[in-house]
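Open the model in your viewer and switch on the cartoon. We will go from stop to stop, selecting as we go.

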Amino acid sequence: MSLLTLETLTVRRGQCPVVDGVSFQIGKGELIGLIGPNGAGKTSLMRAALGLLAHEGRSSLAQMRASERAKLAAWMPQQREIAWPVTVETVVALGRMPHRPTGAKLSAQDQAQVDKALDRMGLTGFRDRAANALSGGEQARVLIARALAQDTPLLVADEPIAGLDPAAQIATLRVFRDLAAEGHTVLVSLHDLSLAARYCGRLLMLDKGRLVADGTPAEVLTEGNLATTFHIRARVIDTEHGALFQPIDVLP
């Protein structure tokens, strides 16, 4: 079953395509890393796929009504500042909005999903704290928990581990891996190729708006692809703990 199908998806800024004819399908139970250098088109691709950005081509999600799409896909953008002085639990509970009538109180099922999301992100003890008083990294974890509480088949997250300390980065990717094992699918953009290689079962590599590679970390993070797309010399080594990305040098 495909949760997301893109067919020649193109996003233009003026006449320039920032996403250029990208096609792929995403199925159930995958943890997929979207990788590429700055300006490759990762954010534009994700937003267009969700119907949040004008585009050409086809996205199966963008064709849906917003109310239907919100039950199928959760979106976590890069912007992570929480401006309102509300509790952490209140922010996370916003993830339940697609599942209940406007103004309705949380049901027992809603509350269970909120509690589960708080626990997964290590935020149970933060439940009653003001979300806008937390550190940047803590606010990021709150917003990840909000997306988890939405409990959708597909989670799309744009650089969710940026600004987190190493332990929180690893913990977050483990949560995403567990979600995939439970049958959910996570599409996550990442700059850390080491973590992408270790935790993602599939990688999509973008360069100048085009999909240049799609496959396992070993298939995508080849010396040739890394040299052409990232302008570095590096290699991927298979270990008992998963794929290990080893950068060597910057190419001239």
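Start with the cysteines. How many disulfides does the structure hold? Zero, in this predicted model. A disulfide is a covalent bond between the sulfur atoms of two cysteines. Select cysteine 16. Its relative accessible area is 45%, so it counts as partly exposed. Now select cysteine 200. Is cysteine 200 buried or exposed? This residue is buried, because its relative accessible area is 4% and the cut-off for buried is under 20%.

**The three-stranded sheet**

Select residues 2-13, which are strand β1, and residues 16-27, which are strand β2. The two strands run antiparallel and are joined by eight bridges. Zoom in on one pair: valine 11 has valine 19 in β2 as its bridge partner. Now look at the turn. β1 and β2 make a hairpin, with two residues between them. Glycine 14 sits in that turn and has a positive phi of about 70 degrees.

Add residues 56-59, strand β4. Three bridges pair β4 with β1, again in the antiparallel sense. Find glutamate 7: its bridge partner in β4 is arginine 58.

Show the three strands together. The order is β2-β1-β4, and they form an open sheet with antiparallel pairing. β2 and β4 are the edges; each has a single partner strand, so one side of each has no neighbour in the sheet. From one strand to the next, the twist averages 10 degrees. Next, select residues 42-49, helix α1. Helix α1 packs on this sheet and touches β1, β2 and β4. Its direction makes about 120 degrees with that of β1.

Turn on the side chains of the strands for a moment. In a regular strand the side chains alternate between the two faces of the sheet.

**The six-stranded sheet**

Move to the other sheet. In what order do its six strands lie? The order is β5-β6-β7-β3-β8-β9, in an open sheet with mixed pairing. Select residues 73-76 for β5 and 210-215 for β9. These are the edge strands, and each pairs on one side only. Neighbouring strands in this sheet are turned by 15 degrees against each other on average, direction ignored.

Now pick out strand β3, residues 31-35, and strand β7, residues 185-189. They run parallel, and four bridges join them. Click on leucine 34: its bridge partner in β7 is serine 189.

**Helix α5 and the loop after it**

Select residues 136-149, helix α5. Helix α5 lies across β5 and β6, and β6 covers residues 154-158. The helix runs at about 170 degrees to β5.

Next comes glutamine 150, in the loop between α5 and β6. Is glutamine 150 buried or exposed? It is buried, because its relative accessible area of 12% falls below the 20% cut-off. Which residues does glutamine 150 contact, leaving aside its neighbours within four places in sequence? Show Ala70, Ala73, Ala74, Gly95, Arg96, Pro98 and His99.

**Last stop: a ring**

Select phenylalanine 126 and arginine 141. The arginine lies over the face of the phenylalanine ring, at 5.8 Å from the ring centre. How many aromatic pairs does the structure hold? Zero.

Notes:
Residues numbered from 1 in each chain as written. Predicted model: local features only at pLDDT ≥ 70, side-chain atom pairs only at ≥ 80, totals over all residues. Heavy atoms only, no water. Pairing = 2+ DSSP bridges. Axes fitted to C-alpha atoms, helices over the stretch in contact; angles between N-to-C directions. Contact = heavy atoms within 4.5 Å. Phe/Tyr/Trp six-rings, centres within 6.5 Å; stacked < 30°, edge-to-face > 60°. Lys NZ or Arg CZ within 6 Å of the ring centre and 35° of its normal. Disulfide = S-S within 2.5 Å. Buried < 20%, exposed > 50% of the residue type's maximum accessible area, 1.4 Å probe, protein only.
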